[in-house]
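Colleague: Let us go through this model together. I will ask, you answer.

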Amino acid sequence: MEASQGKHAWYTPHKLETSLKPEEIKRRLESRTITQERYKWPTEDTYFSGEIEDKKFYVLVLTRAIPPHGQNPVLPNVSGEIIEDSEGKSIIYIWLEHDIDWKSYILSVFTFWTIIFFEYKVNALIYTGVLYLGYFLVKKYLEFVGRRVVEWLEALLEAKEKI
């Protein structure tokens, strides 16, 4: 996916198009997903844990699959729906969602740093710069994670993203 084709928001669904049948899509997703029915130890090529139903899926990205490896609260939940069109192609809509309420989280971080900077009488320019740097780094990481998850699914399902 080229940089100019990026999504503008997390809630915008990604639309993947593939020539695979829904049954094959489900089989491929199951091969990379740990489900509760058949628990297995994650291998190098296992990306998700979750549930895959007939034409819908809801999975979580495994924390060892994306850096930093270990506990990572910003990894998205991936939900999707598979639709077969009249031409025999399958269209997969994918939503990347978060458990964290980012507005509340950012407000609490902003409040914490405001108290710290005022307590130590830090210059307002430094204060503003640190806040913008933090916002920029989190935003870039979220874009990286979203792009990586969509690339995994494109490769796994032999699909191309349609905008």
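Colleague: Which backbone oxygen lies 2.6 Å from a polar atom of the side chain of Ser90?

Modeller: This is a predicted model, so local features need pLDDT of at least 70, side-chain atom pairs count only at pLDDT 80 or more, and totals for chains, interfaces and linings use all residues. Residues are numbered from 1 along each chain as its sequence is written, and side-chain values use heavy atoms, with hydrogens and water left out. A polar contact is a pair of N or O atoms within 3.5 Å; within protein, one must be able to donate a hydrogen and the other to accept it, and residues adjacent in sequence count only if both atoms are side-chain atoms. At 2.6 Å from the Ser90 side chain, the partner is the backbone oxygen of Leu20.

Colleague: Is Ser90 buried or exposed?

Modeller: Buried means under 20% relative accessible area, exposed over 50%, partly exposed in between (1.4 Å probe, protein chains only). Contact means heavy atoms within 4.5 Å. Leaving aside neighbours within four places in sequence, Ser90 is in contact with residues including Leu16, Leu20, Ile25 and Ile83. Its relative accessibility is 0%, so Ser90 counts as buried.

Colleague: Which strand holds Ser90?

Modeller: Helices (H or I, at least four residues) and strands (E, at least two) are DSSP runs, numbered from the N terminus. By that numbering, Ser90 lies in β6.

Colleague: How many bridges join β5 to β6?

Modeller: Two strands pair if DSSP finds at least two bridges between them. β5 and β6 form a hairpin with five residues between them, and Gly88 in the turn has a positive phi of about 90°. Ile83 stands opposite Ile91 in β6. The strands run antiparallel, and the bridges number eight.

Colleague: What is the bridge partner of Leu16 in β6?

Modeller: Strand β1 (residues 14–18) pairs with β6 in the antiparallel sense, over five bridges. There, Leu16 has as its partner Ile92.

Colleague: Which element gives the most to the largest nonpolar core?

Modeller: A nonpolar core is a set of buried Ala, Val, Leu, Ile, Met, Phe, Trp, Tyr and Cys residues joined through side-chain atoms within 4.5 Å. Of its 28 residues here, Phe48, Phe57, Val78 and Val149 touch the most other members. Elements giving two or more residues include β3 (48–52), β5 (77–84) and α3 (124–156). With six residues, the top contributor is α3.

Colleague: What does Val149 touch, not counting residues up to four places away in sequence?

Modeller: Val149 is among the buried residues of α3. Its contacts, with that exclusion, are Phe48, Val61, Ile66, Val78 and Leu96.
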